[in-house]
Amino acid sequence: MRLDKYLKVSRLNEACDAGKVSVNGKEARASYDVKVGDVIEITLGSRSVKVKVTAVKEVVRKEEADTMYEAVV
């Protein structure tokens, strides 16, 4: 699944619209093919959020979107 689609379905896209996104430590384009196990880092100013992909689904209900990733500390 393309990174831009994954971020939209998982509801993470809103956070990355204004910042940089990297996958597994490398800057990623929207066309990157997201896989289970990937670590996505979203940087907004001086703050960054890291999540590990736990599921890749084409369609997810809003209430279940957070089941597609887990926070990485």
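The exercises below work through the fold, core and salt bridges of a predicted model.

Residues are numbered from 1 along each chain as its sequence is written. Local features need pLDDT of at least 70 and side-chain atom pairs count only at pLDDT 80 or more, while totals for chains, interfaces and linings use all residues; side-chain values use heavy atoms, with hydrogens and water left out.

**Exercise 1. State how confident the prediction is, and where confidence is lowest and highest.**

Step 1. pLDDT is the predictor's confidence in each residue, from 0 to 100. The chain averages 84, and 89% of the residues score at least 70.

Step 2. By element, helix H2 (residues 13-16) has the lowest confidence, with a mean of 56, and S5 has the highest, at 94.

**Exercise 2. Lay out the secondary structure and the order of the strands in the sheet.**

Step 1. Count the elements, taking helices (H or I, at least four residues) and strands (E, at least two) as DSSP runs numbered from the N terminus. There are two helices and five strands, in the sequence pattern α-α-β-β-β-β-β.

Step 2. Arrange the strands, where two strands pair if DSSP finds at least two bridges between them. The result is an open sheet in the order S2-S1-S3-S4-S5, with antiparallel pairing. Strands S2 (26-27) and S5 (69-71) are at the edges with a single partner strand each, so one side of each has no neighbour in the sheet.

Step 3. Go through the pairs. S1 and S3 are joined by four bridges, S3 and S4 by six, and S4 (residues 47-53) and S5 by three. Examples of partners are Glu-41 opposite Lys-50 in S4 and Lys-52 with Glu-70 in S5.

Step 4. Inspect the turn. The hairpin of S3 and S4 has two residues between the strands, and Gly-45 there takes a positive phi near 65°.

**Exercise 3. Place Val-21 in the sheet and in the largest nonpolar core.**

Step 1. Val-21 belongs to strand S1 (residues 20-23), and its bridge partner in S3 is Ile-42.

Step 2. Buried means under 20% relative accessible area, exposed over 50%, and partly exposed in between (1.4 Å probe, protein chains only). Val-21 has 11%, so this residue is buried. Over the chain, buried residues make up 30% of the 73 residues.

Step 3. A nonpolar core is a set of buried Ala, Val, Leu, Ile, Met, Phe, Trp, Tyr and Cys residues joined through side-chain atoms within 4.5 Å. The largest one has 16 residues, and Val-21 is among those with the most contacts inside it, together with Leu-3, Tyr-6, Leu-7 and Ile-40. Helix H1 (3-9), S1, strand S3 (39-44) and S4 each give at least two residues to this core; H1 gives the largest share, four residues.

Step 4. A contact means heavy atoms within 4.5 Å. Leaving out residues up to four places away in sequence, Leu-3 touches several residues, including Val-21, Val-23, Tyr-32 and Ile-40.

**Exercise 4. List the salt bridges and classify the accessibility of Lys-5 and Glu-58.**

Step 1. A salt bridge is a side-chain nitrogen of Lys or Arg within 4 Å of a carboxyl oxygen of Asp or Glu. The whole structure has three: Asp-4 with Arg-2 at 3.1 Å, Lys-5 with Glu-58 at 3.6 Å, and Glu-63 with Arg-61 at 3.3 Å.

Step 2. Lys-5 and Glu-58 are in salt-bridge contact at 3.6 Å, N to O. This pair links distant parts of the chain, 53 residues apart: Lys-5 lies in helix H1 and Glu-58 in the loop between S4 and S5.

Step 3. Lys-5 is partly exposed because its relative accessibility is 35%. Glu-58, at 49%, is also partly exposed.
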